[in-house]
Amino acid sequence: MKKKISTLPFKGTPEQAEQLMAVIAGVSSGGHADKSMLMHVMQQAQSIYGYLPYEVQVMIAQGMDVPLEKVYGVATFYSQFALAPKGEYNVSVCLGTACYVKGSQNVLDKICENLGVEPGECTEDGRFSVEACRCIGACGLAPVMMINEDVYGKLVEGDVDGILQKYKI
C-alpha cells in the first residue's frame with residue numbers, strides 16, 4: 001500500500017521545532033550529526049509531531065546533513081512512520097483474509113464515503129483518520145474495525161453510520 005501524503009496545512013509550533021533540534025543536537029558531536037541515528041531522530045520527530053510531514057523531513061535532512069531523499073525513503077519504507085496526521089479518532093479496518101472474505105472492503109468503502117476521505121487520509125477537521133490494516137487479531141469477529149481502542153466486529157455496511165455517529169457527537 002502506498003502511503004498517503006497529507007494535503008492538510010502543516011501546523012508545527014516553534015516549541016516542536018526546538019524539541020526536534022534538541023534531539024538532533026543530542027546525536028551530534030563536533031557540529032556533525034551521527035548519521036547512523038537517522039531512524040532514532042525520525043522516531044523522535046514523529047513522537048513530537050504525530051507524523052512526518054514534508055516540512056519536518058526537511059528539518060531532519062538539514063539538521064542531520066543527509067539528503068532529503070534518504071529521509072523520505074526511510075519514512076516510506078518503514079510502516080511505523082506516517083506521512084499524514086492521525087485524527088482524534090483513528091478508524092482502522094482489517095483487510096486480512098478472514099475479514100476480507102466476509103466483506104471488510106465494503107465496510108471500509110462505507111466509512112470512506114461517510115467521512116469523505118480515502119484510506120491513509122485525515123478529515124479536514126482533524127477528527128477522523130482512516131486506515132486499512134492487515135490483521136487486528138480478532139479473526140473470530142470478522143469483519144472487524146477499531147476506532148482508537150474500541151473494537152467492533154461482525155460488521156456489515158449498515159452498521160457504519162451508527163457507529164461513526166457515536167464519535168461525531
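This report walks through a predicted model of a protein chain, from its overall layout down to single side chains.

## The big picture

Let's start with the whole chain. It has 169 residues, and buried residues make up 42% of them. The C-alpha atoms fill a box of roughly 60 × 30 × 25 Å, taken along the principal axes. Seven helices and six strands are found along the chain. Reading from the N terminus, these elements follow the order α-β-β-α-α-α-β-α-α-β-β-β-α.

The chain is divided into domain 1, covering residues 14-77, and domain 2, covering residues 89-168. The centres of the two domains, taken over C-alpha atoms, are 32 Å apart. You can also look at how the chain touches itself: among contacts between residues at least 6 apart in sequence, 64% join residues at least 24 apart.

## A sheet with a helix across it

Now find the four strands that form an open sheet, in the order S4-S3-S5-S6, with mixed pairing. Its edge strands are S4 and S6 (150-152), each of which pairs on one side only. From one strand to the next, the twist averages 20 degrees.

Which way do S3 and S5 run relative to each other, parallel or antiparallel? They run antiparallel, and three bridges join S3 to S5 (residues 145-147). For one residue to look for, try Val91, whose bridge partner in S5 is Ile147. Helix H6 lies across S3, S4 and S5, and runs at about 160 degrees to S4.

## Two serines to compare

Two serines make a good exercise in reading surroundings. Ser29 sits in strand S1 (residues 28-29). Is Ser29 buried or exposed? Its relative accessibility is 57%, so Ser29 counts as exposed. If you trace from Ser29 to Met146, you cover 117 residues in sequence, and the two C-alpha atoms are 44 Å apart in space.

Ser104 belongs to helix H6 (residues 104-115). With a relative accessibility of 0%, Ser104 counts as buried. Which residues does Ser104 touch, leaving aside those up to four places away in sequence? They are Val93, Cys94, Leu95, Cys99 and Pro143.

## Cysteines without disulfides

Two of the residues touched by Ser104 are the cysteines Cys94 and Cys99. A disulfide is a covalent bond between the sulfur atoms of two cysteines. How many disulfides does a search of the whole structure find? It finds zero.

Why is Cys94 not bonded to Cys99? The closest cysteine sulfur to that of Cys94 is in Cys99, and it is 3.5 Å away, which is too far for a bond. The cut-off used here is 2.5 Å between the sulfur atoms. Cys122 is in no disulfide either, and its nearest cysteine sulfur, that of Cys112, is 13 Å away. Cys94 counts as buried because its relative accessibility is 3%, and Cys122 counts as buried at 10%.

## Pairs of opposite charge

Side chains of opposite charge can pair when their charged atoms come close. A search of the whole structure finds four salt bridges. One of them joins Lys86 and Glu131, whose closest N and O atoms are 2.8 Å apart. This pair links distant parts of the chain: Lys86 is in the loop between helix H4 (68-77) and strand S3 (89-94), while Glu131 is in strand S4 (residues 128-133), 45 residues apart. Lys86 is partly exposed, with a relative accessible area of 43%, and Glu131 is also partly exposed, with 23%.

Another group to find is the network of salt bridges that links Lys110, Glu113 and Asp161. Lys110 and Glu113 meet at 3.5 Å, N to O. These two residues are three apart in helix H6, so about one helical turn separates them. Glu113 counts as exposed because its relative accessibility is 58%. The side chains of Asp161 and Lys110 also form a salt bridge, at 3.8 Å, N to O. This second pair links distant parts of the chain, with Asp161 in helix H7 (residues 160-168) and Lys110 in helix H6, 51 residues apart. Asp161 is partly exposed, with a relative accessible area of 35%.

Conventions
Residues numbered from 1 in each chain as written. Predicted model: local features only at pLDDT ≥ 70, side-chain atom pairs only at ≥ 80, totals over all residues. Heavy atoms only, no water. Buried < 20%, exposed > 50% of the residue type's maximum accessible area, 1.4 Å probe, protein only. Contact = heavy atoms within 4.5 Å. Domains from an automatic or database assignment. Pairing = 2+ DSSP bridges. Axes fitted to C-alpha atoms, helices over the stretch in contact; angles between N-to-C directions.
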